[in-house]
Amino acid sequence: MRTRTTRPVIAAVLAAGALTGALVATPAQATEYPSNLKIAGVQYDAPGRDNNSCTSGNTSAEFVTIKNFSRTARMNLKGYVVKDAVGNSHTFRLDHYLEPGDHVKLRGGRGTESDAGNVAYRNNCNFIWNNDRDTIRLIKPTGAAADTHAYTKTANDRDGNGFITFHA
């Protein structure tokens with residue numbers, strides 16, 4: 001009879017301990033996806049007054065940094081999509097390889113999708129990231145999420161410079 005009583009109690013204590021450990025180990029606002037490619041940061045508010053003119057504007061000063069956090073795997077961005085909360089998006093259409101630890105800054109404005117100087121352009125002179133709040137999604141070619149970050153200027157940009165780092 002004693003065995004029947006202690007097993008459920010021990011199981012309940014172990015389950016409660018495992019649950020508590022899981023809650024402590026995972027911050028509520030963080031969502032991690034199994035992907036080597038992550039959004040490392042965003043310059044969501046381009047320095048200066050916003051001007052989306054293709055010839056004299058500053059949309060190229062707005063960018064999202066995507067980094068390959070793998071220590072060994074070379075990653076191809078072809079087919080990956082970067083998207084904001086309302087569905088504005090950019091799809092990497094060409095082979096675009098990131099070596100382990102390498103990154104690319106996806107900028108607004110006109111230019112190539114190549115990674116010369118670790119920069120690729122969206123070939124769109126409109127700003128994509130809102131200056132007060134937005135959600136940035138990196139989506140794999142399969143449609144699965146690779147990384148997602150929501151931000152607000154007041155909660156995430158302590159120094160007010162328009163740049164937020166997500167992964168160190």
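Is F163 buried, partly exposed or exposed? F163 turns out to be partly exposed, with a relative accessible area of 28%. Keep in mind as you look around that this is a predicted model.

## The five-stranded sheet

F163 sits in strand 11, so let's start with the sheet that strand belongs to. Five strands make up an open sheet, running in the order 8-7-2-1-11 with mixed pairing. Strand 8 (119-121) and strand 11 (163-165) are the edges; each has a single partner strand, so one side of each has no neighbour in the sheet. On average, neighbouring strands here are turned by 25 degrees against each other, ignoring direction.

Further in, strand 2 (residues 63-68) pairs with strand 7 (residues 103-107) in the antiparallel sense, over five bridges. If you want a spot to check by eye, look at V64, whose bridge partner in strand 7 is L106.

## The four-stranded sheet

There's also an open sheet of four strands, in the order 5-4-9-10, and its pairing is antiparallel. Strand 5 (89-91) and strand 10 (145-152) take the edges, each pairing on one side only. Neighbouring strands in this sheet are turned by 10 degrees against each other on average, again with direction ignored.

Strand 9 (residues 133-139) and strand 10 are joined antiparallel over seven bridges. Within that pairing, R137 has T148 of strand 10 as its bridge partner.

## The nonpolar core

In soluble globular proteins, nonpolar side chains tend to be buried together. Here the largest nonpolar core has 23 residues, and V82, W129 and I136 are the ones touching the most other members. Strand 1 (37-43), strand 2, strand 7, strand 9 and strand 10 each chip in at least two residues. Strand 1 gives the largest share, with three residues.

## Aromatic rings

How many aromatic pairs does the structure hold? There are two. In one, the rings of Y44 and Y151 have centres 4.9 Å apart and planes at 40 degrees, so this pair is tilted. The two tyrosines are 107 residues apart in the chain: Y44 is in the loop between strand 1 and strand 2, and Y151 is in strand 10. Y44 is buried at 0% relative accessibility, and Y151 is buried at 2%.

The other pair brings us back to F163, which makes a tilted pair with F63: 6.2 Å centre to centre, with 45 degrees between the planes. This pair links strand 2, home of F63, to strand 11, home of F163, across 100 residues of chain. F63 is buried, at 8% relative accessible area, whereas F163 is partly exposed.

One more ring to look at is Y97: R74 lies over its face, 4.0 Å from the ring centre.

Note on methods:
Residues numbered from 1 in each chain as written. Predicted model: local features only at pLDDT ≥ 70, side-chain atom pairs only at ≥ 80, totals over all residues. Heavy atoms only, no water. Pairing = 2+ DSSP bridges. Axes fitted to C-alpha atoms, helices over the stretch in contact; angles between N-to-C directions. Core = buried A, V, L, I, M, F, W, Y, C linked by side-chain atoms within 4.5 Å. Buried < 20%, exposed > 50% of the residue type's maximum accessible area, 1.4 Å probe, protein only. Phe/Tyr/Trp six-rings, centres within 6.5 Å; stacked < 30°, edge-to-face > 60°. Lys NZ or Arg CZ within 6 Å of the ring centre and 35° of its normal.
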